[in-house]
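This report introduces selected features of one structure to a reader who meets it for the first time. The sequence and the model are shown below.

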Amino acid sequence: MPRILLVAQETGGIGKSTVTRGLAEAVPDAAILEIESVHRLTEFTTGKVGNEPGSVRHFPMRADRAAIEASGGKAARAEFDDVLNALFAVTVPTLVDIGANTSASLLGLLKDEAPALKDAGIEMAIIVVVAAEAGALADAGKLLQAARDWAGGRFVVANAVRGAIDPVLLKRVVGDAVLTQLRSFEFEDKTREVLAAGQLRNIAKLDRAKLAKETSQAEAGRMLRDLTAFRLAVMEAVRPAALWLVEG
């Protein structure tokens with residue numbers, strides 16, 4: 001039975017793509033469907049179908065809620081037709097990176113389509129990313145609730161990159177979902193540049209000698225230690241969800 005793991009959050013810029021990248025590192029044979037207004041997971045091979053392990057198939061969406069609503073109800077619903085068709089065609093473990101302002105709409109459709117997907121032998125779960133922003137916490141609670149009836153697993157990654165998350169609010173939002181934490185990292189400017197250029201996928205391939213020529217031996221070593229620790233921390237944060245994806 002192939003499994004699909006949805007990576008969701010309505011609020012943008014809180015680390016959802018980082019979580020998707022961590023899952024891709026933890027499950028390198030997973031296919032990836034990216035539902036975004038702009039193709040962001042550019043370090044992966046572009047797939048032409050939804051079942052190419054380690055590749056990304058991009059589904060362009062309208063950039064914001066106003067643009068979606070302006071398209072009209074029928075047009076907005078039909079916008080997900082290619083995505084739904086790709087979900088029904090899944091044959092390998094698959095990650096679905098859902099862009100901001102899109103998760104709630106897609107989950108609303110999946111509530112209706114979940115029985116048919118189950119009949120097709122496909123199981124789904126959801127992993128929601130939360131941060132200190134009140135909007136992100138509120139959206140996370142709504143998404144987890146929306147998936148309760150059909151998700152075979154519900155996971156939450158609390159991303160502390162923008163500050164500590166109120167533990168009382170977090171507990172209320174998470175409920176009985178599986179919670180993991182991703183601690184905040186303080187990177188030097190050059191380290192951030194290297195990360196942005198290659199993302200998690202290329203950290204393990206970095207050449208210390210090359211970095212040392214561009215900086216210094218001391219700085220190169222520090223950069224490699226920081227980036228390696230970050231990559232492992234992200235993979236550890238997504239571990240429960242990654243295990244669910246492959247154990248099917």
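In which sense do β2 and β5 pair, and over how many bridges? They pair in the parallel sense, over 5 bridges. The structure is a predicted model, in which local features need pLDDT of at least 70, side-chain atom pairs count only at pLDDT 80 or more, and totals for chains, interfaces and linings use all residues. Residues are numbered from 1 along each chain as its sequence is written, and side-chain values use heavy atoms, with hydrogens and water left out.

Helices (H or I, at least four residues) and strands (E, at least two) are DSSP runs, numbered from the N terminus. Two strands pair if DSSP finds at least two bridges between them.

**Strand β2 and its partners**

Strand β2 covers residues 31-36. Besides its pairing with β5, β2 is joined to β4 by 5 bridges, and these two strands run parallel. The table gives one bridge partner from each of three strand pairs.

| Residue | Bridge partner |
|---|---|
| Ala31 | Thr94 in β5 |
| Ile35 | Phe59 in β4 |
| Asn159 | Leu182 in β8 |

Burial is judged by relative accessible area: buried means under 20%, exposed over 50%, and partly exposed in between (1.4 Å probe, protein chains only). In β2, 6 of the 6 residues are buried, so the strand is largely enclosed by the rest of the structure. Both of its faces are covered, with Ala31, Leu33 and Ile35 buried on one side and Ile32, Glu34 and Glu36 buried on the other.

Thr102, in the loop between β5 and α5, also counts as buried, at 3% relative accessibility. Thr102 and Ile35 are 67 residues apart along the chain, and their C-alpha atoms are separated by 8.1 Å.

**Helix α4**

Helix α4 spans residues 81-88, and its buried residues are Val83, Leu84, Ala86 and Leu87. Seen down the helix axis, these residues fall within an arc of 160°, so they line one face of α4; the arc is that of the directions from the helix axis to the C-beta atoms. Asp82 and Asn85, on the other side of α4, are exposed. The elements covering the buried residues of α4 include β1, β2, β4, β5 and α5, where contact means heavy atoms within 4.5 Å.

**The unit of β7, α7 and β8**

Strands β7 (residues 154-159) and β8 (residues 178-182) pair in the parallel sense over 5 bridges. Together with helix α7 (residues 167-174), they make a right-handed β-α-β unit. A crossover is right-handed if, with the strands pointing away from the viewer, the path from the first strand over the helix to the second runs clockwise.
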